[in-house]
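User: Please take a close look at one part of this model, the sheet with the helix packed on it, and then at selected side chains and cysteines. A single connected account would be preferred.

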Amino acid sequence: MSDKPVVVMPDPARLVEGLRDTGYQFNTAVADVVDNSIAADAENIAIELRMDRNGEISLKIFDDGYGITPKGLEDAMRYGAKARPSAASLGKFGLGLKTASTAFCRCLSVISRADKQHELVRATWDLDRIQREGQWNLYITPPSAEQAAEFGRFVPGGVGTLVVWEKIDRLLKLFEKPTGKPAQKAMDGFRSDLYRHLATIYQRFLDPNDTRARTVNLTLNGERVLPWDPFCEQEVKPAKQQTLPVAAGDVETSFTLRAFVLPRREEFSTEQAAQAARIGNEEQGFYVYRENRLIHGPTWLKMFAKEPHFSLMRVELSFDHQMDEAFQLDIRKSRIVLNDDLRSRILEFITPVRWTVKEDYRSRKRLQNLLRTASTI
């Protein structure tokens, strides 16, 4: 018997439909596209999330990054695109743009230009056409006149990229009347949640005073997205911080831990600052950053349960791309897995701070009980 290999191509229709169910949430999917804009050195990124009178939803993401050549555009739309030149890129596996987008839309177009002397080029994956034609047919065409005009308005320099989601079928699928008031209210909620998500995960990029990442101007439906600092560093300094060395294969690298204990609400400098801190059980835990972008959290990474004792405690865990394998980064860049050694070292760092926070909580509770008892005498 010959050992000659047989090339077995996946069925296009079944594969693209299967890849729609990789577990993306809407906010995470949008952020995956924004990651590409940041990786392209964009200084300005504009997101437009709209619903027309007929209930048709569209998402458009413009950026003034370095743009894509026609040949590069074909590769960017390939499932499993070639690796980026920089290993530190926010894009990692060459799947995010396609899988994140088609998790919510059935038609994905990327319109780009890398040189303002050249014409705009559009590449489109249309899942319905793939179903009908049974082929991996990527359509390369000029953009519509409306798309070209929008590109010129949002990218005045002429070089950059526009990502368009059309036939979005998984955002308001539970509403019988997509133009009704409940659907409109739901759309307002999606926009609000997306703003909050972007403000949180890109905090270091959005804050011009944060020197760890270059500054990016990001807007959502014309409104500038302002950074949200979960650690309230203008109000409090880290209770403890440490950089831990790690051997990742043949590379010596490290990750950084900083533990913060927020002030009690009445101790904030202003009521506005206290409200912005979002004090509560849901916001406690680790905030995990890869290459200055929040990828996971808040969570206690399965070490502890969230409980009122620690509602004021938040921990920053930061690492670069050299730690990807050690932290077992997943395809959506949205979670990490700790081996026993990493877990024990993090526990050694965090346990003394948690003990102090717990004792402080108990002391305050005892004082409150004494005051209540005294007031009844």
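Analyst: In this predicted model, helix 7, formed by residues 181–201, lies across four strands: strand 1 (44–51), strand 2 (57–63), strand 7 and strand 8. Relative to strand 1, helix 7 runs at about 165°.

These strands belong to an open sheet of 8 strands with mixed pairing, in the order 5-4-3-6-2-1-7-8. Its edges are formed by strand 5 (139–141) and strand 8 (223–224), each of which pairs on one side only. Strand 8 runs antiparallel to strand 7 (residues 217–220), and 2 bridges join the two. Within this pairing, Thr219 stands opposite Arg224 of strand 8.

Two polar side chains merit separate description. Glu283 is situated in the loop between helix 9 (271–276) and strand 11 (285–290). With a relative accessible area of 13%, Glu283 counts as buried, because the value is under 20%. The side chain of Glu283 forms a polar contact of 3.2 Å with the side chain of Arg196, and the number of Arg196 falls within the range 181–201 of helix 7. Leaving aside residues up to four places away in sequence, Glu283 touches Arg196, Trp228, Arg278, Pro298 and Arg314.

The second polar side chain is that of Gln147, which is placed in helix 6 (residues 145–154). Gln147 is likewise buried, its relative accessible area being 8%. A polar contact of 2.8 Å links the side chain of Gln147 to that of Arg122. Arg122 also appears among the residues that Gln147 touches, together with Ile111, Leu162 and Val164, when residues up to four places away in sequence are not counted.

The cysteines remain to be considered. The count of disulfides comes to 0. For Cys107, the closest cysteine sulfur is that of Cys105, at 6.9 Å; this is too far for a bond, because a disulfide requires the two sulfur atoms to lie within 2.5 Å. Cys107 is buried, with a relative accessible area of 8%. Cys232 is also buried, with a relative accessible area of 10%.

In short, helix 7 lies across strands 1, 2, 7 and 8, and strand 8 is one of the edge strands of the sheet. The buried residue Glu283 has a side-chain polar contact with Arg196, whereas the buried residue Gln147 has one with Arg122.

Notes: Residues are numbered from 1 along each chain as its sequence is written. This is a predicted model: local features need pLDDT of at least 70, side-chain atom pairs count only at pLDDT 80 or more; totals for chains, interfaces and linings use all residues. Side-chain values use heavy atoms; hydrogens and water are left out. Two strands pair if DSSP finds at least two bridges between them. Contact means heavy atoms within 4.5 Å. Axes are lines fitted to C-alpha atoms, for helices over the stretch in contact, and angles run from 0 to 180 degrees between N-to-C directions. Buried means under 20% relative accessible area, exposed over 50%, partly exposed in between (1.4 Å probe, protein chains only). A polar contact is a pair of N or O atoms within 3.5 Å; within protein, one must be able to donate a hydrogen and the other to accept it, and residues adjacent in sequence count only if both atoms are side-chain atoms.
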